[in-house]
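Open the structure in your viewer and keep the selection panel at hand. The tour goes stop by stop.

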Amino acid sequence: MGAVTLKSTKKEKRCNGRFRNMQLSFFNEDDDSEDTCLLGPFDVKDFYMIRKIESSSESSSILIHVGEKRHVISFIEEPLFTSWMFILAEAWLTINCKLTAVLKNDHEFGICGSTWIKYGTTGEWKCCATAINKMTLIYMLSESRDRVFKRNSQDESADELVEVDLRKVMTMRERIDKSEWCPSVKHKRGPFSITLHGVTLYIDSRDDATTTQWYEAIDSILKQPAKILENFRLTGDNIPVIVDKCIRFVSAYGMKSEGIYRRNGKVTEAKTITTKLTEDPVGYYPVQESDETVYAVADVLRTFFRKVEIPLFPLSNQPELFKLAQESQSLDLFKQYAVEIKKFPIVHFATLKKLIGHLRNVSEHALENRASVENLSKVFAASLFVTDQMTEDGKQVFSESYNHQINVMIHLITGYDTIFQISIEEELSRQIVNDAEKKSLNAKKPSPDLIVAIHVWEKENRPFNVKMSLASEEVCREAIAKRGFDGPPDSPYAVFECIADGHLVRRLPPSHKVSRCVMQWIDWNCKDGFLLFDHDKLRFDGKDMSVFTGKVKVAEPGSKTFKSYEAKIENGTSISAYRNEKLWKSWPMDDILWYVGSEPGRKSPNAFNCAMILNSKDGYSSKFPGFCFSFKEEADRNRWLTAVTHFSKNSDPDEPLVYI
Amino acid sequence: MSSTATQPRYSLNRKVAVMGYPHVGKSSIVQRFTQNMFPDRYETTIEDQHTKHHTAFHRDFNLRVTDTAGQQEYTVFPRSCSLDVAGFLLVYAIDDRKSFDICSSIYEKIISVYGDPSIPIIIVGNKCDLGTQRVVQQEEGKELAKQCEAKFVEITARETNRVNEVFELLLREIEISRGNLRGPPQQQTKEQTSSDPNDPKNCVIS
């Protein structure tokens, strides 16, 4: 079919390549008689894989695996290189699966050859003729095998052509569990998988080398930097993943941010997010670092549209839209918009629909975020009709069409439902989401199924998880039943709540649910609380019930200054402290929690301390929380704690609470 | 202020542009000056033209103020902001660090377009009524003004007098640069008692 000058294999020898009668062979440059053949002839049907390798340096090459050997053909002439690839791929596909019917002249094959493909985890490994055309993977069950096994049955489904849009690949994995390997192929590397929305494809080839080639080919496509909307990684509904991520983020965090899409975020933050979203659009999620993050993400979205080569509103459609922009709003006008927008390429249409729907939602919150339809239109019009590239080229440096652009945007946002033919279902589901958002704000209580860690003997020692709804007693039983439990099973145990870096400890009554502690921490915004399973060293015996009254040193929350007070329990319902016969402060029993211990930093005057913390939201502070009561004698503290526990309604009167 | 002079006098046309980061209050300043009102709305500007007659230094001026777009999508120098602009107000907000940082690059752009570093520019720190949220110190503003060889003023668009003074100051700079006014000291404006116009400290009204 033709001869081209080429370099061949390791020796880099110049010779003539010839492709004739479905055979590829190489001859000396000046002599192409049959007996001087350097390499070949190779039958096209023996080709196992053909891959175009584009290297940035110098020339690109075509890699062909034939039979057991591999040959690299490097072309010097670039234009012919593409046609060689096309001719070889076409020839190979024609022979192998009569794919010619779907072949088009504008196809650009990156790689083609035989592979083993498994569709889904439960699928069957099948030998396929596969090719990648631009960003689409095409495969079809190989007829060569069908001819052997299915000669009689003219199975229609065997001829089914499958197209996989590689832009929508979510993840690609190299290390696949051996149980998933293809039984017909034996090599060390094993297959790799690509996961799309809802399905995983396993791909393998004849040997390590060819599988690697396939992996690299797909990988390079995924990592290809994109300049037009169509070449970005897409979501299932044809929206660039990066756009989808930004819109989701703003929907979640920015609906109530004042000046969203108008104010700019931190430039560095926006840059980082852009870089990360470009590197790994599927895997990376922007994180709410501060209140400013949402503005940065909004910037990322706006600049994204400026950076692509073709604006979201394609240039060819703009004049028609500008005509409509001058009309006044009416249902009929919106229908004309619908017709015009239908002409957009699919990715542009889907992205526009998503974006306008989002802007509409944003503008519905205009009272809070002050992003009115007009403001949003002004900000976005300049990004969606014009790109940086166009501005640099000097086109539309300043254009009369600004007003038209803004009008188009206003029309699209207000007429969104009609223009994009939003169905009642979509409208309903949006309503449900809105309602759910409102609800979630009210329902702050975590589910009772939430799991919390119980530490054993000391912090970070073999913690195990329990459901928050368990009572302290049940937790103890679980701990003892755990495998590897290293304490005597019949000795007394309890669950203790530890806060303030573990310095304040409270024994949970057996019927006390773990969730009560956790909820209290949430209320207090206490971040270092943990639950400890430990020996219940000092059990309450009920003998010593003489109530302590007398002088005790007390420090106020956050303070290190201790003063002497007379503390007593009054009427069994409140605790009062007197100074010089005058009432200083009084606390209802139900509003306070008692903890044993004190923070060393507080330098309490006596050795035996306990802390009284109010269970209200502001009762806790990260530094020296609660009132610290400092006792001279251990017995005094015990009597005091026994008494307050006894009178405290929160606990079961039969149960002791003192722990030292 | 814009008195209709009793004796017939022709007015001088002067064009100035107000530039700066989004959301610093460019439109507010312009509207305070031209219409003596503080807009309580929240709208993105693309470009607005305002005119006001102003009398200063015993002359009538026909001041045309271009309110520009802060949004980066819109080109920094719109068509109507062409070479006949005589002076600039470069605005930042004292509660917005970014808006201040961006000032120097806008300044560079102005200079590169006009090719004349002596073009009258006044750097304006706006929103000084929000003192509690201040993140850009006055000294930093002065420092920037020194680097740009510009004047520096801190104002709030909520107050009329100061805003008018800013525009008067700009006019004076323009007239001085055109040789229509002899350099300082000038008695026309009350607060300008400075003897050295290049010392930005003397221009601080805050």
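How many of the six residues of strand β14 (residues 199-204) of chain A are buried? Select the strand and look. Six of the six are buried, so β14(A) is largely enclosed by the rest of the structure. Keep in mind throughout that this is a predicted model.

**Stop 1: around β14(A)**

Show the side chains of the strand. In a regular strand the side chains alternate between the two faces of the sheet. On one side of β14(A) you find Val199(A), Leu201(A) and Ile203(A), and on the other Thr200(A), Tyr202(A) and Asp204(A). Both faces are covered, and all of these residues are buried.

Now bring in the partner strands. Strands of a sheet pair through backbone hydrogen bonds, either parallel or antiparallel. Select strand β8 (residues 109-119) of chain A: β8(A) runs antiparallel to β14(A), and four bridges join the two. To find one of the matched positions, pick Trp116(A); its bridge partner in β14(A) is Asp204(A).

Next, select strand β13 (residues 192-196) of chain A. β13(A) also pairs with β14(A) in the antiparallel sense, here over five bridges. Ser193(A) has Tyr202(A) as its bridge partner in β14(A). Follow the chain around the turn. β13(A) and β14(A) form a hairpin with two residues between the strands. Click Gly198(A) in this hairpin: its phi is positive, near 95°.

**Stop 2: the largest nonpolar core**

Select Tyr261(A), Phe313(A) and Tyr337(A). These are the residues with the most contacts inside the largest nonpolar core, which has 67 residues. Helix α6 (residues 293-307) of chain A gives the largest share of this core, nine residues.

Zoom in on Tyr337(A). Which residues touch Tyr337(A), leaving aside its neighbours within four places in sequence? The contacts include Leu321(A), Leu324(A) and Ala325(A). Also among them are Asn407(A), Val408(A), His411(A), Leu412(A) and Ile419(A).

**Stop 3: the cysteines**

Stay in chain A and select Cys526(A). A disulfide is a covalent bond between the sulfur atoms of two cysteines. A search of the whole structure finds zero disulfides over all chains. Cys526(A) is in none; the nearest cysteine sulfur, in Cys517(A), is 9.9 Å away. Is Cys526(A) buried or exposed? Cys526(A) is buried, with a relative accessible area of 9%.

Jump to Cys148(B). The closest cysteine sulfur belongs to Cys103(B), at 8.1 Å from the sulfur of Cys148(B), too far for a bond. Cys148(B) is buried as well, at 5% relative accessible area.

**Stop 4: the sheet of chain B**

Switch to cartoon view on chain B. Six strands form an open sheet in the order β2-β3-β1-β4-β5-β6, with mixed pairing. β2 and β6 (151-154) stand at the edges, each with a single partner strand, so one side of each is left without a neighbour in the sheet. From one strand to the next, the twist averages 25°.

Select β2(B) with strand β3 (residues 59-68) of chain B. These two pair in the antiparallel sense over ten bridges. His54(B) has Phe61(B) as its bridge partner in β3(B).

Then add the helices. Helix α2 (residues 97-114) of chain B lies across β1 (12-20), β4 (87-93) and β5 (121-126), at about 165° to β4(B). Helix α3 (residues 138-148) of chain B lies across β4, β5 and β6, at about 155° to β6(B).

**Stop 5: annotated positions in chain B**

Select residues 42-50 of chain B, which UniProt lists as "short sequence motif: Effector region". The end C-alpha atoms of this span lie 18 Å apart. The span is 0% helix and 44% strand.

Finish with Ser27(B) and Thr45(B), which the UniProt annotation "binding site" covers. Spread over 19 residues of sequence, they still cluster in space, with a largest C-alpha distance of 7.4 Å.

Ser27(B) is found in helix α1 (residues 26-35) of chain B. At 17% relative accessibility, Ser27(B) counts as buried, because the cut-off is under 20%. Apart from residues up to four places away in sequence, Ser27(B) touches Thr45(B) and Asp67(B).

Thr45(B) is found in the loop between α1 and β2 (47-56) of chain B. Thr45(B) is buried too, with a relative accessible area of 12%. On the same contact basis, Thr45(B) touches Ser27(B), Asp67(B), Thr68(B) and Ala69(B).

Key
Residues numbered from 1 in each chain as written. Chains lettered and ligands numbered in written order. Predicted model: local features only at pLDDT ≥ 70, side-chain atom pairs only at ≥ 80, totals over all residues. Heavy atoms only, no water. Disulfide = S-S within 2.5 Å. Buried < 20%, exposed > 50% of the residue type's maximum accessible area, 1.4 Å probe, protein only. Pairing = 2+ DSSP bridges. UniProt positions renumbered as here; feature names shortened; annotations may be inferred. Contact = heavy atoms within 4.5 Å. Core = buried A, V, L, I, M, F, W, Y, C linked by side-chain atoms within 4.5 Å. Axes fitted to C-alpha atoms, helices over the stretch in contact; angles between N-to-C directions.
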